[in-house]
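Subject: The structure I promised you

Hi,

Here is the structure we talked about, so please open it alongside this email. My notes on what turned up follow right below it.

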Amino acid sequence: MPCHSHEKNPSARLDPRKPLVFSTLDLGRSPGSEYSQQRTVPAPAYVEAGLVGVAEGSDVELDVRMEAVSEGVLVTATARAQVTGECARCLEPVSELAEVRAQELFAYSTDDGQADAEGYSLQGDLLDFEPVLHDALVLALPLAPLCREDCPGLCVECGMPLALAGPDHGHGPAIDPRWASLQEAASRLGGSGAGGSEPDETHMNGNGRRKPSAGEPDD
């Protein structure tokens, strides 16, 4: 998966119209005050890990609680998103609803207007929750997704999903490729013998000597 970094404190000003930008105006700065909000937001880009991911722009249900503390605004959120991809064993499609929880402190800017370089910071009364949501969703993705816990995987001979093939699926004994040509030659020889080559008419007499055929002088 390509690596895409998310700046914690971007220099560009935030657009309050973006769905993952939140205003703290209704919260104020008195420690202990709280404000909650529910939103349906589009999933960020590049939420993927291996065989699964959350499609960019798909709906993410977000419950957000903002709490004013002395250092800034503590944001706690629960997100629910649809995870889609392929089973790690049989490669059949998988789809499941994932629920993740994220918590992050957005610090107040200092008196000189500088943001905290080590963490997330507010821009005035606004905060951008997109990078926090992105990282929380990526960390929640399964590394080896399964269509079901007991998925039997694929047939090693033909690649058919064993769950569809049934218990009687099989291919007989495997032939070592090094012996395949020899077996084929033996089959051809056996086939030509089966055609009925003329039997050997040589006979032995009682003394163990070859008995001459009719018309052949006796020794």
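A quick definition before anything else: a salt bridge here is a side-chain nitrogen of Lys or Arg within 4 Å of a carboxyl oxygen of Asp or Glu. Bear in mind as you read that this is a predicted model.

**Salt bridges**

By that definition, the structure holds four salt bridges. As background, side chains of opposite charge can pair when their charged atoms come close.

Start with Arg-80 and Glu-99, where the closest N and O atoms are 3.7 Å apart. Arg-80 belongs to strand β6 and Glu-99 to strand β7, so this salt bridge ties together parts that are 19 residues apart in sequence. Arg-80 is partly exposed, because its relative accessibility is 24%, while Glu-99 counts as exposed at 56%. These two residues also have company: Asp-63 is linked with Arg-80 and Glu-99 in a network of salt bridges.

Another one pairs Asp-15 with Arg-17, with 3.1 Å between the closest N and O atoms. Asp-15 has a relative accessible area of 24%, so it is partly exposed; Arg-17, at 73%, is exposed.

Then there is Asp-150 with Arg-148, at 2.9 Å between the closest N and O atoms. Here Asp-150 is exposed at 53% relative accessibility, and Arg-148 is partly exposed at 40%.

**How the strands pair**

Now have a look at strand β6, which covers residues 72-86. β6 runs antiparallel to β7, and 15 bridges join the two. They make a hairpin with six residues between them, and Leu-91 in that turn has a positive phi of about 65°.

Strand β5 (residues 59-68) pairs with β6 as well, again in the antiparallel sense, over nine bridges. A hairpin of three residues connects β5 to β6. If you want a spot to zoom in on, Ala-68 stands opposite Val-73 in β6.

β6 is also joined to strand β4 (residues 52-53), by two bridges and with the strands antiparallel. Which residue of β6 stands opposite Val-52? That would be Gly-85. Gly-85 has a bridge partner in β7 too, namely Val-94.

**Aromatic rings**

Finally, the rings. There are two aromatic pairs in the structure. Phe-22 and Phe-129 meet edge-to-face, with 6.4 Å from centre to centre and 90° between the planes. Phe-22 sits in strand β1 (residues 21-23) and Phe-129 in the loop between β9 (126-128) and α1 (130-140), so the pair ties together parts that are 107 residues apart in sequence. Are these two buried or exposed? Both Phe-22 and Phe-129 are buried.

The other pair is Phe-106 with Tyr-120: the ring centres are 5.4 Å apart and the planes are at 45°, so this one counts as tilted. Phe-106 comes from strand β7 (residues 93-107) and Tyr-120 from strand β8 (residues 120-121), so the pair links parts that are 14 residues apart in sequence. Phe-106 is buried at 1% relative accessibility, and Tyr-120 is buried at 6%.

One last thing to look at around Phe-22: the charged end of Arg-39 sits over the Phe-22 ring, 4.0 Å from the ring centre.

Cheers

Key:
Residues numbered from 1 in each chain as written. Predicted model: local features only at pLDDT ≥ 70, side-chain atom pairs only at ≥ 80, totals over all residues. Heavy atoms only, no water. Phe/Tyr/Trp six-rings, centres within 6.5 Å; stacked < 30°, edge-to-face > 60°. Helix = DSSP H or I, 4+ residues; strand = E, 2+ residues; numbered from the N terminus. Buried < 20%, exposed > 50% of the residue type's maximum accessible area, 1.4 Å probe, protein only. Lys NZ or Arg CZ within 6 Å of the ring centre and 35° of its normal. Pairing = 2+ DSSP bridges.
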